[in-house]
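Q: I'm new to reading protein structures, and I'd like to look closely at just one part of this one. Could you pick a part and walk me through it step by step, in plain words?

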Amino acid sequence: MKRIFLASDLPKHISWNKFIRRGYFVVPAEKEKLRTPVSFRWFFEGRKKDVPEPHPLPSDYSTEYLHGLQTQSGKLEFESNSLKRLKDPERPPVVHYVPSWEGLHTSELVQKYPLQLLTPHCKYSFHTQGDAKDSFLLNIADHRVAIDGYYYWIVRLHPHDAAARGIKRHDLVKVFNDRGAVICAAVLTERLPRGVAHSFESSAIYDPLGEPGKSVDRGGTVNLLMPHKSQTKSTHALAGSQALVQIELWDGKIEHVSEAYREDVRREGQARQEAHLVPAK
């Protein structure tokens, strides 16, 4: 313990004997000039922005650089003036909950796919290019699971949902909907409510076990299951954070025809039909 004490900054503030007698040391607060500025105090006091943030960009300021807010009113807006002028029903000026077009409330689809899959950003790596598929990250138990020599992506679900499907910890399961199917290793957790599953959305590898579009993926690409649309018609915000799915024990079959493949076949057939209608010269 004394070696750790001597290797720290404690000797600058208290002797070893006094520290042992007291049993603790209260770390003093930073000097005021070294403290991080309080957010928006600069705005309250009418000063230039002094918070160390990269945004907004210099071009976003309407008057002087670092002075004022970037709202149209120049104030903190609980009702957005810009969205109020836009009059877009999908983007209301006052923030409130808007039900997704695909969720547990969509009665027809939920009969077929009763689980809502949430896909937040990966916890242990940064996208595919920063995942290092052959590194120590593979050994993180909450990141991937090694089964029969292959590292499978993880899907989490509530124990009651798992029991209803005969799924146990680290069973290989098929997560699927009309858009595709992904083979994952199951992890049971009560941190999720019933009816909700969870799997990180990045750092996977597209690894189809057969012809792409007509087979399951075992690389963990759960983005295959997400909607192919924007959050709103007037923006380009991705909506790939949740979707309705079904999860079942994987029976080893690799066939699964995706919605995208069926659409490609339909378009190809339509193109051939239109080509036959063109009069020969």
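A: What follows is a close look at strand E5 and the strands around it, beginning with how far the model can be trusted.

This is a predicted model, so a word on confidence comes before the details. The protein chain has a mean pLDDT of 87, and 96% of its residues reach 70 or more. The values vary along the chain: among its elements, helix H6 (residues 159-164) has the highest mean pLDDT, 98, while helix H7 (residues 259-276) has the lowest, 75. Where pLDDT is low, the predicted coordinates should not be read in detail.

Now find strand E5, residues 180-188. Eight of its nine residues are buried, so the rest of the structure largely encloses this strand. To count as buried, a residue must have under 20% relative accessible area.

Which strands pair with E5? One of them is strand E4, residues 172-177. E4 and E5 run antiparallel and are joined by six bridges. You can spot one of the pairs by looking for Val173, whose bridge partner in E5 is Cys184. Between E4 and E5 there are two residues, and the two strands form a hairpin.

Strand E3, residues 150-157, also pairs with E5, but in the parallel sense, over four bridges. Two pairs help you find this contact on screen. Ile154 stands opposite Ala185 in E5, and Arg156 has Val187 as its bridge partner in E5.

Let's follow E3 a little further. E3 is mostly covered, with seven of its eight residues buried. Arg156 also has a bridge partner in strand E6, namely His198. E6 covers residues 196-198, and two bridges join it to E3, with the strands running antiparallel.

E3 pairs with strand E2 as well: four bridges join E2 to E3, and these strands run antiparallel. Here Ala146 stands opposite Tyr151 in E3. E2 and E3 form a hairpin with two residues between them. In that turn you will find Asp148, which has a positive phi of about 55°. That is a positive value in a residue other than glycine. Is Asp148 buried or exposed? Its relative accessibility is 80%, so Asp148 counts as exposed.

Finally, come back to Cys184, the E5 residue that is the bridge partner of Val173. Cys184 is buried, with a relative accessible area of 0%. A disulfide is a covalent bond between the sulfur atoms of two cysteines. Why does Cys184 not form one? The closest cysteine sulfur, in Cys122, is 12 Å from the sulfur of Cys184, which is too far for a bond. For comparison, the cut-off for counting a disulfide is a pair of cysteine sulfur atoms within 2.5 Å. Cys122 is itself buried, because its relative accessibility is 8%. The structure as a whole holds zero disulfides.

To put the picture together, E5 is largely enclosed by the rest of the structure, with E4 joined to it in the antiparallel sense and E3 paired with it in the parallel sense. From E3, you can then step across to E2 or to E6.

Notes. Residues are numbered from 1 along each chain as its sequence is written. This is a predicted model: local features need pLDDT of at least 70, side-chain atom pairs count only at pLDDT 80 or more; totals for chains, interfaces and linings use all residues. Side-chain values use heavy atoms; hydrogens and water are left out. Buried means under 20% relative accessible area, exposed over 50%, partly exposed in between (1.4 Å probe, protein chains only). Two strands pair if DSSP finds at least two bridges between them. pLDDT is the predictor's confidence in each residue, from 0 to 100.
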